[in-house]
Every structure is written in C-alpha cells, then in structure tokens.
Amino acid sequence: MRSVNWTRKRRRAAAAAVAVTLLALTGCGGPAGDNSGAIRVGLLANLTGDAAPSFGKPFERGFELALQEAKPILDESNLSVEVLTEDAESAVPAAVTGYNKLRQQRVPLVVQDSQSPLGQAVAPLANEDQVALLSGAGSALENSGGFSFRFTDLTTPTVAAGSRLADEGAKRIGVVVASDNPSFATLAQATEQGLPNGFASRQEVSSQDTDFSAVLANLSRDQLDAVVLAVLPAQAGNLILQMKNSGEFEHTKLVGTVAISGETYTVARDSARGFEFPQVWAPGGTNPTPFERSYTEKYGEVPTAYGALGYQVGWIIVAAMIHAGTSGTIDGNALRDALPAASTSDLVREHGILGLELTADGHATSPGVMATFAEGGTMVLAESEG
C-alpha cells in the first residue's frame with residue numbers, strides 16, 4: 001500500500017470525489033453507514049464494571065476529544081462521523097451483545113477499548129462480518145479475515161521494563177501474577193524476556209485474591225532485589241500496602257506492568273510513590289502537551305495512558321476514513337486496508353501524541369515509557385519525578 005500523504009492540498013482535491021462516494025455507500029465488504037451519509041463507528045466501551053475506571057471511561061474521553069478536534073479536517077473532505085456506543089459492561093456476554101447491536105446498525109468499524117476475553121469473543125464475529133475491529137486486547141485475536149487489529153503493544157514496553165531492572169543491577173527478581181487472566185500471564189512472560197536469568201520466584205494468584213500473606217512470605221524467603229506485580233491495578237495497590245506493612249520489603253524495588261492505572265494509587269495512596277511501571281504514554285509533569293491541557297480542561301482530570309490511546313485511535317480512524325474515501329467505498333474492507341498506513345500517516349504524526357504503528361497482520365508496535373505516581377496520584381514520566 002502506498003504511504004498516505006495527508007496534505008491540505010490533497011484533502012481538498014479529494015473532497016469532491018469523497019462526496020460522490022458517500023452517496024454510493026453499500027453493504028459490500030461490511031456495512032458502511034446509513035442514508036444520512038455519516039460514517040457510523042461502533043464504540044464497544046467498558047462504561048460500567050471493573051474495567052470502566054481504568055480503561056473504558058478514559059478511552060471514551062480521549063476518543064471523543066480526537067473526533068471533536070478532527071471535525072474541521074473531516075469537513076474539508078465532506079465526511080462526517082456518527083459514533084454509536086454500546087456498554088460492554090466489562091463482561092464477555094455484554095460485549096458480544098453490544099457488538100451484535102452495532103453490527104445490526106451497519107457499522108463498518110468497531111472500537112473495543114480493553115480486556116482480552118472481550119476482544120477474543122468479538123474478533124471471530126468481526127472477521128466473519130467483514131467489520132474492521134480495533135481492540136485494546138492484550139492477547140492474540142482470531143484474525144482469519146485480517147479485520148482484527150490490536151492497538152495495545154504489551155510486549156515492547158514490558159520487555160524494556162525487564163531490561164531496565166537488569167541494567168539497574170537487580171539480580172534476583174520475582175513476580176506476582178494473576179494467572180487466571182491471560183493478559184497478566186502474557187505480561188509476566190514479556191517481562192521475563194528482558195531478564196537475563198529469568199524470574200527467581202514466581203507467585204501465582206487469582207484476580208479475585210485480596211489476602212497476600214502467603215505470597216509475601218514466599219517472596220521474603222526468596223530474598224529478592226525486585227518484584228514485578230503482574231496483577232489488576234487495585235490488586236497492585238493492595239500488594240504494595242501489604243508489603244509495606246510487613247516491613248520486609250524496604251529495599252525491594254517494585255515494578256508494575258502496562259495494566260497499572262490510577263486505581264493502584266487510590267488503594268495504596270502515597271505508598272505507591274516510587275513504584276514504576278511501563279505505559280504506552282504518560283503525562284509530562286510540569287510541561288503538559290496541548291493534548292494534556294485540552295483533555296484536562298474538558299474533563300477536569302489529567303489524562304492517563306488509556307485516555308491517550310483513545311485519542312490516538314480516534315485520529316487513526318479519521319486518517320483511515322479519509323484515505324478509504326479517496327479510493328472507493330468506505331466499508332469494512334476499505335478501512336481494514338487503510339488502517340496500517342493511516343496509523344503512521346502525516347495526519348496522525350501531526351495530531352497524535354504517541355508512537356503507535358498498526359501492522360497489516362493486526363498487531364501494534366509502540367515503544368512506551370516508564371511512569372510513576374506523582375503526589376496526589378497523577379501518573380507522570382518516571383524521569384520527571386526523579
């Protein structure tokens with residue numbers, strides 16, 4: 001596929017062609033929209049349930065902000081977007097029901113913010129229906145038709161976190177992993193890839209566990225330099241508190257995963273200061289970007305990594321739609337073909353805020369950063385707190 005050049009001149013030149021194209025939208029290769037001409041995008045968001053505070057709501061806000069800012073650019077190309085939202089409720093049955101509702105409304109593209117089990121349940125349906133799916137799932141998705149894209153790269157920043165521990169001189173490193181969740185098993189495995197000698201101690205827990213006394217006894221016995229917490233955000237906060245209260249881990253470095261969120265600080269409060277974890281993006285502390293300022297002004301809070309991902313994905317979709325519109329019908333097939341080049345297009349480079357490349361086989365590549373908690377619980381780059 002040719003690289004996408006999103007200059008103002010080309011956008012204007014394509015506008016007339018796009019206007020004609022929109023009148024001819026059909027259901028071939030996946031649904032495209034309704035008779036109004038607006039391109040319908042399905043947002044399958046975790047607006048309630050366990051994933052809502054950390055993933056669903058921040059993502060929805062970032063996504064909404066990107067489409068709001070992109071409206072003048074869409075107008076130039078005679079394009080409009082209608083977002084149809086269904087609550088996945090942080091549960092597989094609701095996610096499948098929500099996807100089916102969106103499919104019935106003829107959306108050519110569905111965005112699903114997080115959670116591997118939800119993405120794994122929806123991906124086969126999207127491939128069968130020829131609907132492009134952008135998912136925040138951490139684990140692999142079925143992709144027989146090439147319609148499933150993951151926009152979270154767990155491996156690259158997580159391997160880097162393991163390498164960082166080794167570079168800092170940690171010799172004996174342990175892990176606590178919520179092994180009943182495939183995402184956390186994947187995160188633990190990726191962290192270990194960055195460790196020359198692997199994990200010296202592995203403690204498996206359930207994602208429902210709250211009492212970690214036996215786990216802490218094992219970690220203390222193994223005399224570790226560092227411990228990786230590959231668990232849910234609230235569980236990480238609980239572990240941090242229990243480790244501090246035990247008095248046996250004062251000199252043990254604690255590191256998290258890309259799944260860490262503000263919930264960790266909500267539980268552990270200032271005990272989480274100094275806790276470091278990889279993220280796809282983090283606020284810059286004393287020097288906020290225009291995105292941070294706009295997000296904070298609109299929603300009254302500093303954006304998290306998932307707010308940033310929602311924003312980035314919003315701009316990628318806009319770029320893909322403009323590109324698909326210049327070459328033919330804006331349907332699932334066209335968007336599937338346009339998404340990889342759109343993710344690194346000039347438009348996304350100009351307006352996006354993080355490095356994120358979607359590959360043609362449905363994976364994502366993102367270098368990520370190391371983050372920590374500032375006073376009050378705001379996530380910031382680890383270097384800005386150093």
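I began with two helices of this predicted model, and I noted that α7 and α8 are oblique to each other. The reason is the angle at which they pack, about 60°, because angles from 65 to 115 degrees would count as roughly perpendicular and those under 35 degrees as roughly parallel. Helix α7 covers residues 213-221, helix α8 covers residues 233-246, and their axes are 11 Å apart. I also looked up the handedness of the crossing of α7 and α8, which is right-handed.

Next I asked myself which residues of α7 meet which residues of α8. I found S213, L216 and L219 on the α7 side, and L239, Q242 and M243 on the α8 side. Sorted by class, the residues of this contact are four nonpolar and two polar, with no charged ones.

I then turned to the pockets. The largest pocket has a volume of about 820 Å³, and of the 39 residues that line it, F55, Q115, N181, F184 and L232 are the closest to its centre. The elements that each give two or more residues to this lining are α2 (52-76), α4 (116-129), α6 (182-193), α11 (305-327) and α8, the last of which I had already met in the packing with α7. I recorded 20 nonpolar, 16 polar and three charged residues in the lining of the largest pocket.

My last entry concerns the second largest pocket, which holds about 310 Å³ of space. Its lining has 19 residues, and P53, S261, G262, V302 and T304 lie nearest its centre. Here α2, α9 (262-268) and α11 give two or more residues each, and α2 gives the most, with four. By class, I wrote down 10 nonpolar, seven polar and two charged residues for this second lining.

Note on methods: Residues numbered from 1 in each chain as written. Predicted model: local features only at pLDDT ≥ 70, side-chain atom pairs only at ≥ 80, totals over all residues. Heavy atoms only, no water. Axes fitted to C-alpha atoms, helices over the stretch in contact; angles between N-to-C directions. Parallel < 35°, antiparallel > 145°, perpendicular 65-115°, else oblique. Left-handed = near helix turned anticlockwise from the far one by under 90°. Contact = heavy atoms within 4.5 Å. Nonpolar A, V, L, I, M, F, W, Y, C, P; charged D, E, K, R; others polar. 1 Å grid on protein atoms, 1.4 Å probe; cavity = no way out; pocket = protein on both sides within 12 Å on 5 of 7 lines; lining within 4 Å. Points joined across faces, edges and corners; volume = space filled by probe spheres on them.
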